[in-house]
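The report below describes the overall form of a protein chain and then turns to its nonpolar core.

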Amino acid sequence: MCWRQKLQVLLMNDFFINKVRAIRDAMVAVPENLEECNNVMEGKECSLTLQHTSIETVEKLLRNLKNSKSISVDELDSFSVKLSSKYIAVPVHHIVTLSLMQKRFPTSWKFTKVIPLHKKLSQLDPKNYRPVAILSPLSKILEKIVYRQLYDYFTNNKIFHPSLHGYRQHRSTQTALLQLYDHWVRSAAQGKVSGVVLLDLS
């Protein structure tokens with residue numbers, strides 16, 4: 001790596017770190033108010049306990065990883081992990097089981113490689129790049145196992161807000177727009193005016 005590339009890496013690194021710091025510093029502490037949460041949980045007798053999973057489930061999740069050849073910090077890529085799924089399923093299952101038992105996420109799986117991807121305009125301006133995190137493919141297995149259990153818990157206990165459309169089965173930007181459109185049409189029919197605030201964090 002030549003000195004220009006090293007300088008570019010350092011500048012990008014500083015830019016993204018400072019951007020996150022600026023966002024954190026600008027955040028206003030919101031006073032804790034569990035009233036809404038208590039209303040949602042009223043009358044519900046439920047508690048979440050993460051369950052162990054089978055070796056077969058781990059192997060299936062390994063086989064179903066996306067075919068990416070991007071190499072993570074631990075020098076693994078999803079494509080190679082998929083090819084070796086039959087042979088590594090048992091040790092990965094052991095790590096996942098220990099993690100669920102100890103309620104701890106493996107430290108080495110927390111590290112990520114961040115790649116800046118150019119979005120638009122000048123390539124010399126760091127603002128025109130977006131950071132893409134390349135996580136260890138093994139960390140995604142544990143993430144999927146925990147996600148599935150959390151998702152089922154929220155669904156079975158009716159904890160999800162009815163207007164939440166992101167990251168839910170059978171819901172998408174289309175269902176969100178249809179729900180909003182329905183609200184707007186009903187409001188217009190009643191002679192009301194609708195106002196919309198759309199937010200996007202760069």
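## Fold and core

Of the 202 residues in the protein chain, 19% count as buried, meaning under 20% relative accessible area with a 1.4 Å probe and protein chains only. This is a predicted model, in which local features need pLDDT of at least 70 and side-chain atom pairs count only at pLDDT 80 or more, while totals for chains, interfaces and linings use all residues. Residues are numbered from 1 along each chain as its sequence is written, and side-chain values use heavy atoms, with hydrogens and water left out.

The protein chain contains seven helices and two strands, taken as DSSP runs (H or I of at least four residues, and E of at least two). With a radius of gyration of 22 Å over C-alpha atoms, well over the 17 Å that the globule rule (2.2 Å times the number of residues to the power 0.38) gives for 202 residues, the protein chain is more spread out than a compact globule. Its C-alpha atoms fill a box of roughly 65 × 50 × 35 Å along the principal axes.

The largest nonpolar core, a set of buried Ala, Val, Leu, Ile, Met, Phe, Trp, Tyr and Cys residues joined through side-chain atoms within 4.5 Å, has 14 residues. Among those with the most contacts inside this core are V58, V96 and I145. Each of the helices tabulated here supplies at least two residues of the core.

| Helix | Residue range |
|---|---|
| α3 | residues 55-63 |
| α5 | residues 85-102 |
| α6 | residues 137-156 |

Leaving aside residues up to four places away in sequence, V96 touches T53, L142 and I145 (heavy atoms within 4.5 Å).

How values were computed. Buried < 20%, exposed > 50% of the residue type's maximum accessible area, 1.4 Å probe, protein only.
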